[in-house]
Amino acid sequence: MRSSLYRVNLVIFLYFYVIPICVVNIPYSDYHVIGKVIHKKRCSVMEKKLFVLFSVFLTALILLSAGCVGKDSAQSEISAEETLAENTAEGSQHVDVVYLSGGDYGYPQPFTIYPRGPGSSKVRMVFDSLVERDEIGIIPWLAESWDVSSNGTEYIFHLREGVIWSDGEPFTANDVKFTFDYEQKNIPISGGIEDGIIDNVQVLDPNTVKFVLSQPASTFLYKLTGFKIIPEHIYKDISDPTSFLDSKAVTGTGPFLLDEYNKEHGTYRFVTNDKFWGPETTVKSVEFIPVSDSLIAFEEGKIDFTGISPDTLDRFKSNSDVRIVQQPAFWGYQFYFNMKKCPELNDSRIRQAFAYAIDRDELVNKIARGAGKAGNMGILPEDHIWYNPNQPKYSFDPEKAGALLTEAGWTDTDGDKIRDKNGKKLSYVLSLSSGEVRIGELIKERLSEVGIDVQVKALESKSRDANIKSGDFQLLISGFGGWGTDADYLRTRYCDTSQLESVSSGAAVYGYHNATLNALGARELQELDDEKRKEIIYDMQIVLANDIPAIPLYYTTSYDAWRISKYDGWMNMYDHHARTHSILSYLERDGIAEKRQH
Amino acid sequence: MEKDRNSFIFRFLSTLFVILAINFFLPRMMPGDPFSTTSADEVGEEIIVMTEEQRLYYMKYYGLDRPLYEQFSKYMKNLITGDLGRSIYYKMPVRDVIWLHLPWTMLIVMGATAISTISGVVLGTVSAKNRKKGSDRVIMTGMIAFAEIPSFLLGLILLLIFSVYFRLFPLAGAVTPFANYNGPAEQAWDILYHAFLPVLTLSLSQLTGVYLLTRNTLITVTTKDYIRTARAKGMGEKTVWVRHALRNALLPVVTRTGFMIGIMMGGVVLVESVFSYPGIGMTLRSAVINRDYPLIQGILLVIAVSILICNMLVDKIYGKLDPRVRI
């Protein structure tokens, strides 16, 4: 990602900076001391010639050092559309050390990681949860099996026997209960289970633990995959885990031990935990090292795995030692309507008109340079396990958009090309962060063609977030990940009756209300049968696609590349885009998943 | 003398107080709070979105739910005891975070200041002596071309040339990861080796200013009467240039060097980001993005104090160089 950013900067720099200055010969005498000097000195012709000569040399140098700037960007769209020929070579399944792109994401225990970046995947190296995720679904982990009471409020987990903490203490059901109770008082950064889901946790015997829920919650097991069990014998004496940066804090039951962590340089080294209960590690040690540009570092062999953008694919296509696989598109931009502030947006025909008028394919081609998939109005991306392919589709159709607006009574009565009704104009402010201005400008262009006026207002990212929270916006764009997680987010984001959790960016904030969706959401949350629940989620997508409470603009696609002669055991969790974040990527796959419960 | 010193200390302390107050209130006036992030900062970035319950818990935990004046008086009280508070994002004492990152920035800023000042003065002198001759023109043109390259781009070019194509220097970082050193000499070498490109980038971006200043002041100074007098006294050309011309021409250069450290503190963030160098600039950037109030306050305070100290030092050196302004 960063390398493409530099490229864009380079191109901008070349066209808007070097060439005007060098070729037109310094038109900036009024703002810089150098200008003044030259102006005063009235350079001789000779000097001017020299200057131009040097500038040309410099331009050439920049072009050279930037590599094939033109070539790369010219081919980007083509390569994105091409399907990748699969590399069929067999790769290495065992390795002593894997090097990955590092960076400081905090001390890897649940209370001290940073909220930005992949800190929780570092916690996953050291700590285990009761259940884990593989490519298909939820698999047993510290819990070998579980029974659910018929009303769905009691879960009895049978814990694996013989599990010990990395300091030699045995792991028991008490640790599970302790973790829950402890996290009621000290809320962790990630993996905590929100208030109101679990009523209490009981230890039945050292290997059996019972969770009693306040009400049935279909998402409970999914939430447990992030719930990392911490050791009672260590944390019971810690009153403030947020400042617990001792090496004891990373005593876990997981496959790796934290061998070294350096905050200032952003390095982590994890080594195999010999006391680990589970499958052998296939990667004996994982080292995260700082890189300035992960693509260059990968080419140089400093790291063994990298994410690459489609415009750099060509560099590796012919390399038989590199496997390139597309990541699932689980990161995306969403376009929000504020129906509370702009009551006319409560008319779903207007929102549908937006969906027809915004050319999402154009955004993918022009902004993401082909590296994306246009958004579905049913919200879930195509790569989501529960994506409903039979939902209303909205192609780019300005005429239909116009017709919908006219039908809703919005016409241009005063000839200013902006539709109006009873003196009110369809004119909005679109808030976004400064990195998304180009998206906003394209949308503005398309909307103006159907008579909707938009002013783009660029904010600093945090200010925009503050506006989302307070509902202080008319239209807004925000980008975030996690689109592959449990489909329950359709309920928490778009139902304004979320009983269970306090949601930070829920429908209530921007005034969306749909009784059908609320009813489906309530049913989905109570439904413990996966097949039946999937049906409900399918229905929810159809309701959403008809009603358009928000418009997913596009989901970004990225590629993973790794050197197969080094290590080839990478796998994805079904709900997550990053292979390096899955603990199973580093382990033998010997039959844990076969015990999957249905 | 005593009165002067008192008023000086008073001025220093009142400046410091104003800085402290601005450092405290400005970050808190920015929209948002440390826990209300809902959007990623760049494409593909993952964030943990906190629930309202989590947000309130942490606001309370860090005392951000208290009224502002109460937070401010607590901050001032802690500051007097030398406690800068605890970073919300990094979960460590602010003092430790600064202590981890500031030395790296100091290293490259100091290195770059020294290199750019010395080579700027040398080149400026060469240029002024050979005014309107070939070497002056070549240096001048080269310098001007360099001046307008943004430092991140310059860094990127150097990185591509020296690290990627010629493989002479490391790609990133300040030390070799997980290195085991045989003795401090090897460690020092490793640090210098990693610091080379960042220092070079920063030096080149500052060089032109020093060069032009030296050249132009020298040219002005050499037309003065006392230079003619010195020459008339039959002094050697070398003595005239070093003792009479250069000494006088250096005064503005010294002033500029003092300011430059402050300017570089701001500009260093781009260089740090290109070389992923673990300096304070990147830390400040992330502190601002994440609204880490205690850390923003701490870093700004350290930068402000070091600029104040630099200015004081400049005053002292100035006095040494120019007896007329000695107090």
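An open sheet of four strands in chain A has the order 1-10-9-8, with mixed pairing. Helices and strands here are DSSP runs, numbered from the N terminus, with at least four residues (H or I) for a helix and at least two (E) for a strand. Two strands pair if DSSP finds at least two bridges between them. The edges of the sheet are strand 1 and strand 8 (256-262) of chain A, each of which pairs on one side only. From one strand to the next, the twist averages 15°. Angles run from 0 to 180 degrees between N-to-C directions, and axes are lines fitted to C-alpha atoms, for helices over the stretch in contact.

Before going further, please keep in mind that this is a predicted model, in which local features need pLDDT of at least 70 and side-chain atom pairs count only at pLDDT 80 or more, while totals for chains, interfaces and linings use all residues. Residues are numbered from 1 along each chain as its sequence is written, and chains are lettered from A and ligands numbered from 1 in the order in which they are written.

**Walking through the sheet**

Strands of a sheet pair through backbone hydrogen bonds, either parallel or antiparallel. Here are the pairings of this sheet, one by one.

| Strand pair (chain A) | Direction | Bridges |
|---|---|---|
| Strand 1 (residues 95-101) and strand 10 | parallel | six bridges |
| Strand 9 and strand 10 | antiparallel | four bridges |
| Strand 8 and strand 9 | antiparallel | six bridges |

A good residue to look for is A:S285 in strand 10 of chain A: A:V97 stands opposite it, and so does A:V271. Strand 10 of chain A is mostly covered, with five of its seven residues buried. A residue is buried if 20 or more other C-beta atoms lie within 10 Å of its own, exposed if 12 or fewer, and partly exposed in between, with C-beta atoms placed from the backbone. Between strand 8 and strand 9, A:E260 stands opposite A:R269.

Helix 5 (residues 119-126) of chain A packs on the sheet, touching strand 8 and strand 9 of chain A, and its direction makes about 135° with that of strand 8. Two residues are in contact if their C-beta atoms, placed from the backbone, lie within 7 Å.

The loop between strand 9 (267-272) and strand 10 (283-289) of chain A holds A:E280. Is A:E280 buried or exposed? A:E280 counts as exposed because it has 12 C-beta neighbours inside 10 Å. A:E280 lies 8.3 Å from A:P255, C-alpha to C-alpha, with their positions 25 residues apart in sequence.

**Elsewhere in chain A**

Strand 21 (residues 559-563) of chain A has antiparallel pairings too. Four bridges join it to strand 11 (residues 305-308) of chain A, and five join it to strand 12 (residues 322-326) of chain A. A:A561 in strand 21 is the bridge partner of A:T306 and also of A:I324.

The secondary structure of chain A comes to 19 helices and 21 strands. Of the 598 residues in chain A, 46% are buried. Among contacts in chain A with a separation of 6 or more, 71% are between residues 24 or more positions apart.

**Where the two chains meet**

How many residues of chain A are in contact with chain B? There are 68 of them, in contact with 58 residues of chain B. Several elements give two or more residues to this side of chain A, including strand 9, strand 10, helix 1 (2-23) and helix 3 (45-65). Helix 3 of chain A gives the most, with nine residues. The residues of this side divide into 28 nonpolar, 24 polar and 16 charged. Ala, Val, Leu, Ile, Met, Phe, Trp, Tyr, Cys and Pro count as nonpolar, Asp, Glu, Lys and Arg as charged, and the others, Gly among them, as polar.

**A look at chain B**

Chain B is divided into domain 1 (2-80) and domain 2 (95-326), with bounds that come from an automatic or database domain assignment. The C-alpha centres of these two domains lie 31 Å apart. In the contact between them, 13 residues of domain 1 meet 11 residues of domain 2. The domain 1 side divides into seven nonpolar, three polar and three charged residues.

**How confident is the predictor?**

pLDDT is the predictor's confidence in each residue, from 0 to 100. Chain B has a mean pLDDT of 86, and 98% of its residues reach 70 or more. Among the elements of chain B, the lowest mean pLDDT (82) belongs to helix 9 (residues 237-274) and the highest (92) to helix 3 (residues 68-80). For the complex, the predictor gives an ipTM of 0.83 and a pTM of 0.83.
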